[in-house]
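Student: I should like to learn how to read the features of a protein structure. May we take them one at a time?
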Amino acid sequence: MTIRYLLRPEKPVVFCLAIAGFIIGGVLISSFIQPADKSFLCSLAGVKARETADYATTPIQLQAIVHYATSRVTPQQSFPEINVTFGVLKTLSPCNFLVFGLGHDSLMWSSLNPHGTTLFLEEDPKWVQAVLKDAPTLHAQTVQYRTQLKEADYLLSTYKTEPHCSPNKAYLRGNNQCKLALTTLPDEVYDKEWDLIMIDAPRGYFPEAPGRMAAIFSAAVMARGRKGSGVTHVFLHDVDRKVEKAFAAEFLCRKYLVKSVGRLWHFEIPPASDRETHSGDWFC
């Protein structure tokens with residue numbers, strides 16, 4: 001299901017206050033971070049100026065705190081599931097964070113990555129307009145998918161017959177031969193290396209919905225193509241569903257699964273250049 005807010009009668013105010021606490025905690029953590037190599041010879045004024053510039057609370061953080069402290073609606077993900085991604089963001093932020101899906105909880109993700117790049121990809125143009133009306137500072141793009149959920153079994157059983165779907169030849173921009181490749185994403189998606197990728201969209205709960213097959217495949221291609229150091233953190237939600245679970249096992253690989261909380265799986269995928277971990281002709 002695309003990231004949306006759901007009304008929850010059971011203690012919604014408590015949940016929203018907890019989310020606000022996440023954001024406040026992130027603000028406080030960033031406020032107390034001190035560069036390890038500061039010289040004692042630096043003037044107090046110079047140090048203070050640098051701290052203020054680097055760790056000042058951002059407008060989107062303040063907006064998120066107010067929103068979640070006063071809202072009666074809650075994100076789709078549970079508090080423990082959110083905490084998994086938050087733990088990684090605390091370590092890596094500012095970083096490049098790509099999110100498949102857009103919702104009012106997007107304010108939370110952006111505020112937890114201050115000074116980083118957080119980009120949301122959403123299939124429904126009307127929903128993008130609705131969300132941005134209340135949160136215009138969010139960075140969101142509308143994307144189109146070439147798949148339908150009812151094709152999932154066929155795509156999974158036949159993709160190996162297309163050479164351009166193989167890990168050694170797969171690419172995304174313009175790869176029309178492989179139906180699982182997202183070929184028309186914004187240039188920014190292709191041109192950046194993403195430290196975190198969250199897959200909580202597109203819709204995948206009725207036959208004509210796009211399903212998350214292409215998002216999972218494309219996340220795997222992006223992670224394997226990483227040129228920088230370190231792994232790519234991929235978070236997949238709704239793993240209780242058949243398609244998400246099957247495509248994750250095929251492309252994100254069980255051996256890279258590092259945490260499972262509720263309906264969220266967290267993978268750490270190394271680049272394909274790491275030959276000690278990647279072997280064989282296929283993804284896993």
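Tutor: Let us begin with one residue pair: Lys259 stands opposite His266 in S9. Strands such as S9 (264-269), like helices, are DSSP runs numbered from the N terminus, with at least two residues (E) for a strand and at least four (H or I) for a helix. Please note that this is a predicted model, in which local features need pLDDT of at least 70, side-chain atom pairs count only at pLDDT 80 or more, and totals for chains, interfaces and linings use all residues. Residues are numbered from 1 along each chain as its sequence is written, and side-chain values use heavy atoms, with hydrogens and water left out.

Student: In what sense do S8 and S9 pair, and over how many bridges?

Tutor: In general, strands of a sheet pair through backbone hydrogen bonds, either parallel or antiparallel. Two strands count as paired if DSSP finds at least two bridges between them. Here S8 and S9 are antiparallel, with 4 bridges. Their hairpin has 2 residues between the strands, and Gly262 there takes a positive phi near 60°.

Student: Which strand is joined to S9 by 6 bridges?

Tutor: That is strand S7 (residues 232-237), which runs antiparallel to S9. Within S9, Ile269 has Thr232 opposite.

Student: Is S9 mostly covered or mostly open?

Tutor: Burial is judged by relative accessible area: buried means under 20%, exposed over 50%, and partly exposed in between, using a 1.4 Å probe and protein chains only. In S9, 5 of the 6 residues are buried, and the strand is mostly covered. In the segment after S9 lies Pro271, which is buried with a relative accessible area of 10%. Pro271 and Val231 are 40 residues apart in sequence, yet their C-alpha atoms are 6.7 Å apart in space.

Student: What is the order of the strands in the open sheet?

Tutor: The 7 strands follow the order S5-S4-S3-S6-S7-S9-S8, with mixed pairing. Strand S5 (140-142) and S8 stand at the edges with a single partner strand each, so one side of each has no neighbour in the sheet. From one strand to the next, the twist averages 15°. At the S5 edge, strand S4 (residues 117-122) pairs with S5 in the parallel sense over 3 bridges, and Phe120 has Ala140 in S5 as its bridge partner. Helix H6 (residues 125-134) packs on the sheet and touches S4 and S5, where contact means heavy atoms within 4.5 Å. The direction of H6 makes about 160° with that of S5; axes are lines fitted to C-alpha atoms, for helices over the stretch in contact, and angles run from 0 to 180 degrees between N-to-C directions.

Student: How many disulfides are there?

Tutor: A disulfide is a pair of cysteine sulfur atoms within 2.5 Å. By this rule there are 2 disulfides. In one of them, the sulfur atoms of Cys165 and Cys178 are 2.0 Å apart; with 110° about the S-S bond, this link is right-handed. Both cysteines lie in the loop between helix H7 (152-158) and helix H8 (187-191), so the pair ties together parts 13 residues apart in sequence.

Student: Why is the disulfide of Cys253 and Cys284 left-handed?

Tutor: The torsion about its S-S bond is about -95°, so the disulfide is left-handed. Cys253 lies in the loop between helix H10 (242-252) and strand S8 (257-261) and Cys284 in the segment after S9, so the pair ties together parts that are 31 residues apart in sequence. Cys253 counts as buried at 2% relative accessibility, whereas Cys284 counts as partly exposed at 45%.
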